[in-house]
Amino acid sequence: MTTPDAPALPLRPELADEVPYGAPQLDVPVLLNVNENPYPPSDEVVATIAAHVADAARRLNRYPDRDFPALRADLADYLALESGVHLGAEQIWAANGSNEVMLHLLQAFGGPGRTALSFAPTYSMYPEYARDTHTRWVVGRRAEDFTVDPEHAVATIEAERPSVVLLASPNNPTGTALPQATVEAVLEAAARIPAVVVVDEAYAEFRRAGTPSALELLDRHPHLAVTRTMSKAFAAAGLRLGYLAASGALVDALRVVRLPYHLSAVTQATARAALAHRDSLLAQVADLRAQRDDLVAWLRQQVVAGRPLRVADTDANFVLFGTFADRHAVWQGLLDRGVLIRETGPEGWLRVSVGTPAETAAFKDALTDVIVEQEQ
Ligand SMILES: *Cc1c(COP(=O)(O)O)cnc(C)c1O
């Protein structure tokens with residue numbers, strides 16, 4: 001209810017027409033819209049997490065460990081196993097989702113009078129971190145196949161002189177992983193500005209064999225930060241735990257801007273229990289990867305308006321496909337059949353996450369149906 005003479009709120013003018021981040025959260029049988037791992041934790045993992053949380057609860061009158069060295073050491077151990085790159089606990093940082101890690105990065109290295117740069121189409125949250133930290137936001141372009149041309153990247157860095165460069169690899173919403181040579185070209189150009197280069201590897205565990213991780217570049221590039229998350233492959237989106245690997249000096253800068261005690265004792269306990277059960281939580285990743293490759297092949301065989309669908313190469317747990325003259329109608333048609341996917345990416349494209357085999361089958365059936373209906 002508005003009172004007639006209520007004073008106007010002194011909202012920052014640039015926020016006046018903004019709406020909150022909003023992937024629709026709908027109650028639908030098949031949820032393939034936000035790239036979650038479809039497999040919930042096993043009863044055994046649930047029991048371990050509950051025991052660790054109970055332990056933490058006994059000390060809830062106290063603030064948590066501000067610098068969480070035990071969790072950082074566990075994350076370093078996990079990265080060593082996952083990518084063969086050995087890092088010290090002081091090279092790891094964590095927060096409530098890699099979204100918060102990214103905000104810490106912009107708070108420390110962006111700001112008024114500074115510029116953050118990425119290459120579109122890419123993750124829709126990046127411009128929001130820039131807006132919220134009063135950082136100028138600039139995008140270069142990705143090529144027709146959604147890769148980043150190194151010459152264009154270097155030229156854009158030299159022209160715009162950013163203090164932060166954000167590279168998602170594998171990229172969302174396209175699934176594109178960057179070759180190491182592209183990341184290295186960006187790192188070299190960024191060092192001359194100087195700029196921090198953030199490689200967002202939220203989907204790294206889903207990369208195809210032979211695709212490298214930017215973690216391998218850390219020892220030679222103190223201005224590189226590689227972000228990861230437990231939200232996707234790790235099957236723990238509800239936990240809200242994202243993290244980053246970088247030089248100790250870069251991590252120390254983030255410790256300045258974080259809120260005091262930002263990572264709750266409950267979060268730390270849950271994350272450590274989940275990491276101890278990584279084999280169980282990551283058990284389906286190989287299957288999800290294989291299913292993703294099957295889904296890409298299947299989509300490439302579908303014909304719409306006389307042409308085969310276009311499907312982006314993907315190293316993630318989702319597939320971007322199109323193009324449709326009316327993508328919203330296709331999205332709605334799938335929703336009417338109980339399948340929620342994401343209307344995102346360049347005009348005409350849609351993004352679907354890889355689910356369980358039954359969910360993927362439901363998606364294929366629904367899409368076949370929608371295409372037939374539209375061609376009538
Ligand atoms: C999902 C996603 C993240 C992870 O976000 P969390 O806050 O860790 O859940 C980060 N970057 C990209 C590109 C993503 O798609």
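**Where in the chain does R258 lie?** Let us work that out together, along with a few other spots. This is a predicted model, in which local features need pLDDT of at least 70, side-chain atom pairs count only at pLDDT 80 or more, and totals for chains, interfaces and linings use all residues. Residues are numbered from 1 along each chain as its sequence is written, and side-chain values use heavy atoms, with hydrogens and water left out.

**Exercise 1. Place R258 and describe its surroundings.**

Step 1. R258 sits in the loop that runs between α7 (248–257) and α8 (265–276). Helices (H or I, at least four residues) and strands (E, at least two) are DSSP runs, numbered from the N terminus.

Step 2. Its relative accessibility is 12%, so R258 counts as buried. Here buried means under 20% relative accessible area, exposed over 50%, and partly exposed in between (1.4 Å probe, protein chains only).

Step 3. The side chain of R258 makes a polar contact of 3.3 Å with that of D67. A polar contact is a pair of N or O atoms within 3.5 Å; within protein, one must be able to donate a hydrogen and the other to accept it, and residues adjacent in sequence count only if both atoms are side-chain atoms.

Step 4. Setting aside neighbours within four places in sequence, R258 is in contact (heavy atoms within 4.5 Å) with R66, D67, W93 and H104.

**Exercise 2. Describe the setting of T227 in its strand.**

Step 1. Find T227 in strand β7, residues 224–229.

Step 2. T227 is buried, as its relative accessible area is 0%.

Step 3. The side chains of T227 and D200 are joined by a polar contact of 3.5 Å.

Step 4. Neighbours within four places aside, the contacts of T227 include V101, M102 and L105, as well as V198, V199 and D200.

**Exercise 3. Check the length of helix α12 and find its buried side.**

Step 1. Helix α12 covers residues 357–375, which is 19 residues. The expected span is 1.5 Å times one less than the number of residues, so α12 should span 27 Å.

Step 2. The end C-alpha atoms of α12 are 27 Å apart, which agrees.

Step 3. Mark the buried residues of α12: E359, T360, F363, A366, L367, V370 and I371. These cover an arc of only 135 degrees around the axis, which puts them on the same side of α12. The arc is that of the directions from the helix axis to the C-beta atoms.

Step 4. Turn to the face pointing away from that buried side, where α12 carries the exposed residues P357, A358 and D365.

Step 5. Now look at α11, whose buried residues are R327, V330, W331, G333, L334 and L335. Their cover includes α12, together with β13 (339–340) and β14 (350–353).

**Exercise 4. Find unusual backbone geometry.**

Step 1. Recall that most residues other than glycine have a negative phi, and most peptide bonds are trans.

Step 2. N35 has a positive phi of about 60 degrees although it is not a glycine. N35 belongs to the loop between β1 (30–31) and α1 (43–57), and N35 is buried, with a relative accessible area of 1%.

Step 3. F68 is not a glycine either, yet has a positive phi of about 30 degrees. F68 lies in the loop between α1 and α2 and, at 1% relative accessibility, counts as buried.

Step 4. For cis peptide bonds, go to N172 to P173, with omega near 15 degrees, and to G322 to T323, with omega near -5 degrees. P173 is in the loop between β5 (164–168) and α6 (180–191), while T323 is in the loop between β12 (318–322) and α11 (327–336).

**Exercise 5. Describe the largest pocket and its lining.**

Step 1. The largest pocket holds about 720 Å³ of space. Of the 37 residues that line it, the closest to its centre are Y21, V34, N99, Y123 and K232.

Step 2. Here is how a pocket is defined: on a 1 Å grid over the protein atoms alone, it is an open set of points where a 1.4 Å probe fits, with protein on both sides within 12 Å along at least five of seven lines; lining residues have an atom within 4 Å of a point. Grid points are joined across faces, edges and corners, and a volume is the space filled by probe spheres set on the points.

Step 3. Both α3 (98–109) and α4 (126–132) supply at least two residues of the lining, and α3 gives the most, with three residues.
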